[in-house]
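Work through the exercises below with the sequence and the model at hand. Try each task before reading its solution.

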Amino acid sequence: MNKGKLLYAQSGGVTAVINATAGAVIEAARARKIKVLAARNGILGALREDLVDTSKETAASIRALAHTPGGAFGSCRYKLKSLEQDAAKYERLLAVIKAHDVRWFLYNGGNDSADTALKLSKLAESSGYPLTCIGVPKTVDNDLVVTDCCPGFGSAAKYTAVSVAEAALDVAAMADTSTKVFVYEVMGRHAGWLAAAAGLAGQGKDEAPHIILFPEVAYDEAKFLARVQAVVKRVGYCVVVVSEGLRHADGGFVADAGAGKDAFGHSQLGGVGPLLAATVKDKLGLKVHWTVPDYLQRSARHLASKTDLAHAQAVGKKAVEYALKGMNGVMPVIVRTSDKPYRWKIEPAPLADIANHEKTMPKAFIDASGYGITAACRRYLTPLVKGEAPPPYGPDGLPKYVRLKLHAVAKTLPAFD
């Protein structure tokens with residue numbers, strides 16, 4: 001083994017392909033004779049010195065990560081404050097890193113994870129310890145700036161478009177005597193990328209989804225209800241897709257639960273799907289069904305996009321390459337070079353340009369009505385959901401997913417509260 005180890009961790013909400021990135025990281029490091037440690041439950045595992053020795057896992061198990069959803073090493077929602085405010089935690093991280101001869105740290109996550117990786121890269125520079133920090137992109141929200149798209153989004157987008165198309169056929173079949181309005185809630189606190197992906201389910205104005213509600217477009221109840229009524233009259237039923245982060249004109253969330261903030265400081269949302277369904281039922285007297293796929297949309301590995309899987313593996317491989325080159329404080333990002341045929345490449349981008357920034361839907365991607373997507377948006381989205389990469393299935397008819405053994409690394413430091 002080369003001198004020094006690589007520490008990998010997963011953060012935030014997991015995806016259908018984040019483990020594919022993990023597998024690519026481990027395989028790339030093994031090819032270079034680098035031992036990979038993994039922190040259990042993200043940065044918390046690093047703080048607690050709760051580390052896993054991935055060299056104990058078989059090559060077959062690591063390969064199987066490519067088709068296994070979830071987060072193999074556990075994830076967390078935990079935001080480190082500034083170097084000054086959380087000095088004790090940073091000192092602890094550095095102590096753990098030194099104790100286990102870690103020279104490269106890869107943090108696989110979204111916006112807040114990029115911020116953590118950036119802070120650690122600054123810690124490395126100021127401490128004089130030879131540590132290279134790399135942020136590795138992942139998020140179904142697709143809201144990281146600089147990168148064309150985020151690994152995890154393509155598969156969630158495919159799941160969303162397919163689910164809406166299939167549910168619409170169900171609603172159409174029953175609309176004469178049953179459900180007139182179907183409301184489908186997707187993830188997306190500030191950015192409507194997943195909501196937009198639902199637009200791939202149909203082409204014409206009479207094809208579902210008939211109404212898409214984006215966080216980027218202020219919610220107007222009267223206008224929305226009039227639109228629902230018009231669609232039901234014309235088509236016989238109405239399929240509505242709404243982003244969880246739908247906002248009023250004053251910027252407040254339509255579904256703000258008033259339950260405080262999560263570990264990242266985000267408002268806890270209370271479920272805009274059922275709220276809209278109740279509004280339609282109460283104000284229009286129509287029979288309504290609603291669904292909130294929640295974790296299903298980000299864990300549906302059986303319906304993963306082949307393009308998304310390729311993205312996830314490519315950023316993992318490049319992250320190792322950048323780390324071993326000493327490219328501190330960068331992230332491998334996806335650069336689109338052509339729509340038709342779809343072509344892309346991976347390039348490094350400074351974490352300082354990514355952390356604490358957010359990519360929302362461009363105005364050019366939302367049609368004039370505010371309730372649908374444009375041709376430009378469709379051109380952007382279509383390549384990201386293309387291709388199938390199904391997992392292997394067992395004799396019981398279910399996917400064969402892997403569970404790693406997760407051999408713990410012996411602790412050498414006092415416990416950390």
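**Exercise 1. State how much surface the chain exposes and what share carbon and sulfur atoms supply.**

Solution. The exposed area of the chain is about 17,300 Å². Carbon and sulfur atoms supply 52% of it. Such areas come from the Shrake-Rupley method with a 1.4 Å probe, and for residues only the protein chains shown count as cover.

Note the ground rules. This is a predicted model, where local features need pLDDT of at least 70 and side-chain atom pairs pLDDT 80 or more, while totals for chains, interfaces and linings use all residues. Residues are numbered from 1 along each chain as its sequence is written, and side-chain values use heavy atoms, without hydrogens and water.

**Exercise 2. Describe burial and long-range contacts in the chain.**

Solution. Start with burial (under 20% relative accessible area, 1.4 Å probe, protein chains only). Of 417 residues, 57% are buried. Next, take contacts (heavy atoms within 4.5 Å). Among those with a separation of 6 or more, 78% join residues 24 or more positions apart.

**Exercise 3. Give the spans of the C-alpha trace along its principal axes.**

Solution. The C-alpha trace spans about 70 × 50 × 40 Å.

**Exercise 4. Find the residue classes in the lining of the largest cavity.**

Solution. List the lining: Leu 7, Ile 43, Ala 46, Leu 93, Ile 97, Phe 105, Leu 120, Leu 131 and Cys 133. Then sort it, with Ala, Val, Leu, Ile, Met, Phe, Trp, Tyr, Cys and Pro as nonpolar, Asp, Glu, Lys and Arg as charged, and the others, Gly among them, as polar. The result is nine nonpolar, no polar and no charged.

Methods. On a 1 Å grid over the protein atoms alone, a cavity is a set of points where a 1.4 Å probe fits but cannot get out, and a pocket is an open set with protein on both sides within 12 Å along at least five of seven lines; lining residues have an atom within 4 Å of a point. Buried means under 20% relative accessible area, exposed over 50%, partly exposed in between (1.4 Å probe, protein chains only).
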